[in-house]
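User: Please take a close look at one helix in this model and explain how it sits among its surroundings. I would then like the account to move outward to the rest of the structure.

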Amino acid sequence: MNKSIAIQFNRVSKSYPIYSHLGAGLKGFIFNLPKALKGLARERFTALENISFDINRGETVAFMGRNGAGKSTTLGLIAQVLKSTSGTVAVHGRVSPLLELGGGFHSDLTGRENILLNGVLLGLSRKTIKEKEDSIIGFSELGNFIDQPIRMYSSGMLSRLGFSVVAHLDPEILLVDEVLAVGDIAFQEKCKNKITEFKKSGVTIVLVSHSIDDVRKLCDRVIWIENHKIQMDGPTTEVLPVYEKYFV
Amino acid sequence: MNIERIKDLVIVLTQKELKARYKNMKLGYLWSLGNPLAYGLIYWLVFKYVMKVKIEGFPLFLVSALFPWQWFVNSISVSANTFVSNASLIKKVNFPRNILSLVSTGQDLIHFIAALPITFIFMLIYHKNFSPMLFIGVPLLAIIQLGYTYGLGLMISTINIFFRDAERLIGIFITFLFYLTPIVYSTDMIPENFRHLIPLNPVAPLILNWRSLFLEGTLNWNYVGITLGYAALFIITGHAIYRRLSWKFAEFL
């Protein structure tokens, strides 16, 4: 095994059964048992088909493509919350996912309490979070709001809180799923700077984005997924022009 | 996944549950007592004065069984949503999901312990002895019930991901179970030829043991064994189902 490889997909396919028969619940399932069982076995939706790539340590890679192309499934496989249907996924290193807005937060708890909750969920120890608490709060610029329940926060404030926790993680592989485009411009800049900082310190970053500008600025490499397959995989400067042409 | 990490997860998730439950409620503790006490009051009125049930010290009789029952019911009825309500987390972060089930019933245990003084007050009112058996019986039954509700809760929360109407079934099931369990009535009021069926009700031996512990300071060791058997059954089946299906949670939620 090559030590410089962080993420390796080898002929990975992922398909989901279409659970339409379960939509009717237990009642529907039991009353239509033979049909339901057959349906479970047969109808499948393919999200990824025979995908292979290696991502090296320290690389910053963007996954691009239309909605439903399979980008988030890819991230789910890297985060190891999904299992591939065939092929192998190998991930070497601590993975930190950047959660969607408010994911892993509890709306009745204060910002400060949510920092602890979210930090532990994302892999930090309680001790580390207590040590870094001031720095996290400082980064978020939330001031006195930090001791208010977060249901009073605006969505921008929530994303500040969320990103501030992530900025203090110590990831080896960071997964970012389209969450950079939140918060005001000043904070967006701060996020991007932080990502650049992670990048400089050798963190492997995988991001899903639709923003061509962000990808151009942050990423070394683009993997473009179209119709559940890799359409193109190469340096940002090569893939982006083709990608832009294709969609404009 | 090391022990430290699991410990940290259990602590912060339990804190979350407790804080969320008591936020904005300065009298949170009293609120958590309100529900079982209200039931106790209404059962006392109805069964003592309308149905004329003749049981000595009826309020203590009710309270001694209602608090453990309340723990059981809370854990089981909340469990259906344990995983569903944490969907955004489960879809992104890889951690042992069964910790969520443990935390859910664990915080009900904390409430149960916090409510114990109420039972003790009733014991004082009815001049019951505080037998040394309480020191063995309370922790023993509490640990068994924790494992029991954890296993059952894990099973229900897993199934409810795939069949969202399982939740409804649980509600109906609990109504049956309440009246089939000797909570508002005593075992000697059950017709004699049905009494041997008591162990078939999975909660009856547990609830009856809590009651005899508080009322007489004794445990029925046969019932302890039966409850342990049920607990083992639930934990093993719960884990088997969970293990088989947990990797599908993220794609299903």
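Analyst: The buried residues of helix α4 of chain A are G111(A), E113(A), N114(A), I115(A), L116(A), L117(A), N118(A), G119(A), V120(A) and L121(A). The model is a predicted one. The helix spans residues 111–121, and because 10 of its 11 residues are buried, α4(A) is largely enclosed by the rest of the structure. The list of buried positions includes E113(A), N114(A) and N118(A) as well as I115(A), L116(A) and L117(A). As general background, an α-helix has 3.6 residues a turn, so residues three or four places apart point the same way.

The cover over these buried residues comes from both chains. From chain A it includes α5 (126–140) and α6 (155–167), and from chain B it includes α1 and α4. After α4(A) comes G123(A), which has a positive phi, near 115°.

The two helices of chain B named in that cover also belong to the contact between the chains. That contact draws 29 residues from chain A and 26 residues from chain B. On the side of chain B that touches chain A, at least two residues each come from α1 (3–22), α4 (87–92), α7 (166–180) and α10 (249–252) of chain B. Of the elements on this side, α1(B) gives the most, with 8 residues. Sorted by class, the side of chain B that touches chain A holds 14 nonpolar, 10 charged and 2 polar residues.

Beyond the helix, chain A contains 9 helices and 9 strands. Of its 248 residues, 41% are buried. Among the contacts in chain A with a separation of 6 or more, 73% join residues 24 or more positions apart.

Six strands of chain A form an open sheet with mixed pairing, in the order β5-β6-β7-β3-β8-β9. Its edge strands are β5 (95–98) and β9 (229–235), each of which pairs on one side only. From one strand to the next, the twist averages 15°. Within the sheet, β6 (173–177) and β7 (204–208) of chain A pair in the parallel sense over 5 bridges. V176(A) has L207(A) in β7(A) as its bridge partner. Helix α9 (236–247) of chain A lies across β3 (60–64), β8 (221–226) and β9 of chain A, and runs at about 135° to β9(A).

The largest nonpolar core has 119 residues, and those with the most contacts inside it are L175(A), V206(A), V222(A) and I207(B). Helix α3 of chain B, residues 58–79, gives the most to this core, with 12 residues. Apart from residues up to four places away in sequence, V222(A) touches A62(A), M64(A), V215(A), G234(A), T236(A), V239(A) and L240(A).

In chain B, P68(B) lies in helix α3. P68(B) is buried because 25 other C-beta atoms lie within 10 Å, where 20 or more are required. Leaving aside neighbours within four places in sequence, P68(B) is in contact with F112(B), Q145(B), I207(B) and W210(B). One of these partners, I207(B), is also among the residues with the most contacts inside the largest nonpolar core. The C-alpha atoms of P68(B) and L109(B) are 9.1 Å apart, although 41 residues separate the two along the chain.

Definitions and conventions. Residues are numbered from 1 along each chain as its sequence is written. Chains are lettered from A and ligands numbered from 1 in the order in which they are written. This is a predicted model: local features need pLDDT of at least 70, side-chain atom pairs count only at pLDDT 80 or more; totals for chains, interfaces and linings use all residues. Two residues are in contact if their C-beta atoms, placed from the backbone, lie within 7 Å. Helices (H or I, at least four residues) and strands (E, at least two) are DSSP runs, numbered from the N terminus. Ala, Val, Leu, Ile, Met, Phe, Trp, Tyr, Cys and Pro count as nonpolar, Asp, Glu, Lys and Arg as charged, and the others, Gly among them, as polar. A nonpolar core is a set of buried Ala, Val, Leu, Ile, Met, Phe, Trp, Tyr and Cys residues joined through C-beta atoms within 7 Å. A residue is buried if 20 or more other C-beta atoms lie within 10 Å of its own, exposed if 12 or fewer, and partly exposed in between; C-beta atoms are placed from the backbone. Two strands pair if DSSP finds at least two bridges between them. Axes are lines fitted to C-alpha atoms, for helices over the stretch in contact, and angles run from 0 to 180 degrees between N-to-C directions.
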